[in-house]
Amino acid sequence: MQILGTGALSKMHTELADKVVYSLMLGDSQITMNQLLEKRIHIRSLGEINCLNCGKKTNKSFSQGFCYPCFKRLPQCDVCIMSPEKCHFQEGTCRDSDWGERNCFVPHTVYLANSSGVKVGITRGTQVPTRWIDQGAIQALPIFNVQTRLQSGLVERIYGEHISDRTNWRAMLKGEVALLDLELKRDEMLEQCMAEITALQDVHGIQAIQPLHNGKTLAIEYPVIQYPTKVVSHNLDKTPDVEGVLLGIKGQYLILDTGVINLRKFTSYQIELSSE
């Protein structure tokens, strides 16, 4: 096999096209992953993990790429990242207020997506449609523009009382996902949750939480030749050598004839990627 690249693993870059185009940076090499479809590839873990922030060697990756001290210290690893409604900036306890202002006090989008059925989610406005692709959504629809991450989390929590905020990753990878009328669901959910949304607007201002009534559903197609009938996961911590024919890419997963691997899970792992 030919070595295509060696270096710290990071999530694949994506580009929206007829079918999503994936590329992977390893060291100085940029690898177009779509070109490896139907080829046998080999991923070898080199046995070293370097913190995404400080670069120090760590025996275990926390929060997808950090050493434990950075995980405990950095604002991007705080509890409010996974649960935005728990933002504690106003209490003066943000781990890094400058980081918080740059990343949390910026426009966010609340959306409906269809990865394994309808779900609600949030993302920074600049991460549309990247966030949807990373989740393996086949459809996505923005439903609110909001001014801050906290406000987006509060809207998401209201909707989360009625629909899921999670993806069934196994169903997503099997490709057994039916198309949905997200625009109809948007209208139904807004009517159902309007009283609670109005209450939020009374506190934060109407301009801070704006429903999007006329958005159109974005359809997303992935470079997949064949979906697995049974999802078996590769784990570089248990098996440092992963090999198989690449049959597809969806979300941040490589679909091989030997199983699937979530590359994002192994962020900061030093690996070598080869192909026949």
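**Exercise 1.** Which residue in E12 does Leu 246 stand opposite? Work out how strand E12 is placed between its neighbours in this predicted model.

*Solution.* Begin with the pairing of strand E11 (residues 241-250) and E12, which is antiparallel and extends over four bridges. Within this pairing, Leu 246 stands opposite Leu 256 of E12.

Next, follow the chain from one strand to the other: E11 and E12 form a hairpin with two residues between them, and Gly 251 in that turn has a positive phi of about 65°.

Then turn to the strand that follows, E13 (residues 259-262), which is joined to E12 by four bridges and runs antiparallel to E12. Here the bridge partner of Leu 256 is Gly 259, and the connection from E12 to E13 is again a hairpin, made through two residues. Leu 256 therefore has Leu 246 opposite it in E11 and Gly 259 as its bridge partner in E13.

**Exercise 2.** Which residues of strand E12 (residues 253-256) point one way, and which point the other way?

*Solution.* Start from the general pattern, in which the side chains of a regular strand alternate between the two faces of the sheet. Applied to E12, Tyr 253 and Ile 255 point one way, whereas Leu 254 and Leu 256 point the other way. As a last step, consider accessibility: all of these residues are buried, which means that each has under 20% relative accessible area.

**Exercise 3.** How many aromatic pairs does the model contain, and what parts of the chain do the pairs Tyr 111–Trp 132 and Phe 144–Tyr 159 link?

*Solution.* The count comes to eight aromatic pairs. One of them is formed by Tyr 111 and Trp 132, whose rings lie 5.8 Å apart centre to centre with 65° between the planes; because edge-to-face requires an angle over 60 degrees, this pair is edge-to-face. Tyr 111 belongs to strand E6 (residues 108-114) and Trp 132 to helix H4 (residues 130-134), so that the pair links distant parts of the chain, 21 residues apart. Tyr 111 is buried, with a relative accessible area of 0%, and Trp 132, at 2%, also counts as buried.

For the other pair, Phe 144 and Tyr 159 are likewise edge-to-face, with 5.8 Å centre to centre and 90° between the planes. Because Phe 144 lies in strand E8 (residues 139-146) and Tyr 159 in helix H5 (residues 149-160), the pair ties together parts that are 15 residues apart in sequence. Both Phe 144 and Tyr 159 are buried.

**Exercise 4.** Which residues form one aromatic cluster?

*Solution.* The cluster is formed by Phe 62, Tyr 68 and Phe 71.

Notes. Residues numbered from 1 in each chain as written. Predicted model: local features only at pLDDT ≥ 70, side-chain atom pairs only at ≥ 80, totals over all residues. Heavy atoms only, no water. Buried < 20%, exposed > 50% of the residue type's maximum accessible area, 1.4 Å probe, protein only. Phe/Tyr/Trp six-rings, centres within 6.5 Å; stacked < 30°, edge-to-face > 60°.
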